[in-house]
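New to this one? Have a look at the sequence and the model first, then use the notes underneath to find your way around.

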There are 2 protein chains.
Amino acid sequence: MEHSNPNLTIADLGEQQLLQRLYQFCSPSKVGDDAAVLTPRPGHHIVVTTDMLVDGIHFSDRTTSPADVGWRAAAANLSDIAAMGAMPLGLTISLGLPETLSVHWLDQLYQGIADCLNTYGTAIIGGDLSRSAVVTVSMTALGEVLPSAQILRTTAQPGDAIVVTGVHGAARAGLELLLNPDWGQTLSTAEQLELKQAHQHPQPRLDVIQCLRQIAPEVRVSGMDSSDGLADAVLQICRASGVGAEIQQTHIPIPKSLQATQALTSEQILEWALYGGEDFELVLCLPLPSAQALIATMGAGSAIIGHITLERNVNVLDRQGIEHPLNMQSGYQHFG
Amino acid sequence: MEHSNPNLTIADLGEQQLLQRLYQFCSPSKVGDDAAVLTPRPGHHIVVTTDMLVDGIHFSDRTTSPADVGWRAAAANLSDIAAMGAMPLGLTISLGLPETLSVHWLDQLYQGIADCLNTYGTAIIGGDLSRSAVVTVSMTALGEVLPSAQILRTTAQPGDAIVVTGVHGAARAGLELLLNPDWGQTLSTAEQLELKQAHQHPQPRLDVIQCLRQIAPEVRVSGMDSSDGLADAVLQICRASGVGAEIQQTHIPIPKSLQATQALTSEQILEWALYGGEDFELVLCLPLPSAQALIATMGAGSAIIGHITLERNVNVLDRQGIEHPLNMQSGYQHFG
């Protein structure tokens with residue numbers, strides 16, 4: 001890898017050499033046959049999630065290096081595994097690549113994917129390569145979970161506390177800094193870096209799953225991740241469970257740097273926290289005592305932001321105690 | 001579905017309606033959460049295989065209807081599951097779609113996928129939708145297998161009989177008929193249909209796996225499928241196992257219609273049988289008595305075509321007993 005010619009293209013290498021090169025990033029015992037083989041632990045169920053990223057739609061060289069495209073894509077899939085209460089077993093990658101693509105770009109993409117997976121104790125277990133006019137990255141992540149530890153969207157109950165595992169709005173602010181460097185000049189260099197990292201290098205919350213297993217192994221937990229926004233997560237859980245929610249605006253954890261900045265009104269901060277998306281935190285609904293124990297263990301950034309209600313409305317209460325219904329309109333839609 | 005307007009596009013529907021529409025083709029208990037959940041039987045390992053198909057590279061409206069694109073893609077993934085000795089547990093689909101694509105095309109694609117999966121007792125368990133300038137279909141199939149029943153490429157041994165589970169060259173002939181309808185006019189309509197079906201509607205050989213479990217549950221079987229050609233399969237197995245092979249040209253099963261036709265020389269028939277690809281049969285290496293029992297059970301089309309040798313060369317013996325080394329040059333390469 002270290003001697004790679006920056007002008008070398010996919011077409012220069014050919015499929016066999018390309019595969020040999022990519023194998024170096026993979027789990028050696030898994031690749032090379034018609035399919036990868038995984039051995040789940042006894043009694044565990046398998047969870048499977050899949051994602052497709054397309055150049056120009058989901059990533060852009062303007063805001064994201066190939067290594068960060070790889071990291072973010074892997075992190076998004078691991079976040080879905082965490083959102084099921086599971087721990088990862090491995091990930092497959094299918095790539096559609098133009099023949100003119102530089103091998104250096106591809107190396108960096110794989111390095112980003114491998115770095116993320118290694119950080120969370122898992123690996124690339126297989127894949128497929130195809131020609132395509134548009135760079136396309138399709139990933140499928142697999143995980144394992146004991147049936148009693150599954151986190152579903154459908155099982156939230158009135159009275160449950162609603163926990164978020166970290167701050168919201170950071171990834172959206174980081175994107176703003178990348179697209180529009182003049183914005184946020186009142187922020188320190190360290191603050192800017194932290195927000196950009198939130199966008200480019202999100203951390204899937206598999207640590208929360210391990211924590212939950214220790215402090216509340218038998219407790220019913222409903223939830224999902226906040227990849228499409230905090231508002232979307234609360235609405236999806238409520239819809240799937242046939243319940244409502246009441247959120248305290250002041251309890252939503254916001255990055256400290258945004259609280260202090262003059263660059264945003266409080267309305268804009270709330271907008272980014274609710275609808276910004278891509279923070280990859282978990283939104284969990286569980287009985288209050290377990291929620292309090294979880295917050296105590298996770299510490300800074302995590303919070304109880306409200307509770308599940310029998311009535312099916314989803315409202316945010318502002319500082320004055322006035323109710324504002326949450327809506328999906330501001331949420332991210334892939335089509336239409 | 002039955003009332004679909006042929007002019008309706010993806011953009012007309014929007015993501016939520018599109019998802020609701022596609023859910024109708026899916027296993028209802030699996031979709032709707034962050035990930036699908038599968039329950040493998042105790043003691044079974046999980047096998048995972050993935051494929052990406054790109055419009056203009058892997059399929060074309062000229063030779064394949066959207067329903068057949070779906071069937072073939074699903075069949076190719078199930079063939080990889082069979083090639084591991086496994087039975088399928090489910091399949092995820094990620095789609096990249098232009099907004100101008102007709103919903104009718106997408107319905108037909110999903111119908112083809114669902115028809116194939118239902119035929120083999122499995123289902124769509126999840127997926128992802130994305131915008132893309134190029135229609136891109138990425139599938140990941142999962143299966144389960146007892147460790148003792150795994151079929152790997154690495155375990156062929158000198159003396160093993162080499163079994164093919166059906167005729168070769170049929171899919172290549174079917175493609176020729178579709179691309180070049182003037183060819184093969186000496187064939188009957190029924191013969192033409194059969195060859196076209198071999199290309200458009202391949203059958204993954206999961207039946208062979210069930211058969212193997214009954215007649216030889218404890219026997220070591222090495223092998224893979226012949227999706228990239230019979231020659232490629234034999235060469236890959238030999239390379240992975242560190243062995244060679246001797247193939248009897250006259251033992252390779254060829255479609256009856258091709259044996260009789262004036263449209264091809266015997267050299268062309270052999271070329272298509274060895275290098276044509278996409279017949280989706282299995283190429284299996286196992287001790288002779290088990291191979292004979294397997295052939296006896298499977299019947300017409302299956303055959304022992306040769307044996308594994310200690311010497312690492314891979315040769316085809318012609319009618320006169322003259323050796324011809326097999327080469328990869330004629331095999332299908334995705335890049336380069």
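Start with Val47(B) in this predicted model. Setting aside neighbours within four places in sequence, Val47(B) is in contact with residues of chain A, namely Ala35(A), Ala36(A) and Val37(A), and with residues of chain B that include Ile81(B), Met84(B) and Leu142(B). The rest of that contact list is Ala86(B), Gly143(B) and Val145(B).

**The nonpolar core**
- Val47(B) turns up again in the largest nonpolar core, which has 208 residues.
- Which members of that core touch the most other members? They are Val47(A), Val234(A), Val47(B) and Val234(B).
- As background, nonpolar side chains tend to be buried together in soluble globular proteins.

**Where the two chains meet**
- On the chain B side, 57 residues are in contact with chain A, and 57 residues of chain A take part from the other side.
- Strand 2 of chain B, residues 45-54, gives the most to chain B's side, with 9 residues.
- Sorted by class, that side of chain B has 27 nonpolar, 20 polar and 10 charged residues.
- There's strand pairing between the chains too: strand 2 of chain A (residues 45-54) and strand 1 of chain B (residues 36-38) run antiparallel, with 3 bridges.
- If you want a spot to look at, Val48(A) stands opposite Ala36(B), which sits in strand 1 of chain B.

**Two domains in chain A**
- The domain assignment splits chain A into domain 1, covering 10-147, and domain 2, covering 151-325.
- How far apart are the C-alpha centres of the two domains of chain A? They lie 27 Å apart.
- Where these domains of chain A touch, domain 1 puts in 16 residues and domain 2 puts in 20.
- Helix 3 of chain A, residues 66-83, gives the most to domain 1's side of that contact, with 10 residues.
- The domain 1 side breaks down into 9 nonpolar, 4 polar and 3 charged residues.

**Chain A as a whole**
- You'll find 11 helices and 12 strands in chain A.
- Chain A is as compact as a globular protein of its length, because its radius of gyration is 21 Å and the globule rule gives a close 20 Å for 336 residues.
- Along its principal axes, the C-alpha trace of chain A spans about 65 × 55 × 35 Å.
- Of the 336 residues in chain A, 52% count as buried.
- Take the chain A contacts between residues at least 6 apart in sequence: 87% of them join residues at least 24 apart.

Definitions and conventions
Residues are numbered from 1 along each chain as its sequence is written. Chains are lettered from A and ligands numbered from 1 in the order in which they are written. This is a predicted model: local features need pLDDT of at least 70, side-chain atom pairs count only at pLDDT 80 or more; totals for chains, interfaces and linings use all residues. Domain bounds come from an automatic or database domain assignment. Two residues are in contact if their C-beta atoms, placed from the backbone, lie within 7 Å. Helices (H or I, at least four residues) and strands (E, at least two) are DSSP runs, numbered from the N terminus. Ala, Val, Leu, Ile, Met, Phe, Trp, Tyr, Cys and Pro count as nonpolar, Asp, Glu, Lys and Arg as charged, and the others, Gly among them, as polar. Two strands pair if DSSP finds at least two bridges between them. A nonpolar core is a set of buried Ala, Val, Leu, Ile, Met, Phe, Trp, Tyr and Cys residues joined through C-beta atoms within 7 Å. A residue is buried if 20 or more other C-beta atoms lie within 10 Å of its own, exposed if 12 or fewer, and partly exposed in between; C-beta atoms are placed from the backbone. The radius of gyration is taken over C-alpha atoms; the globule rule is 2.2 Å times the number of residues to the power 0.38.
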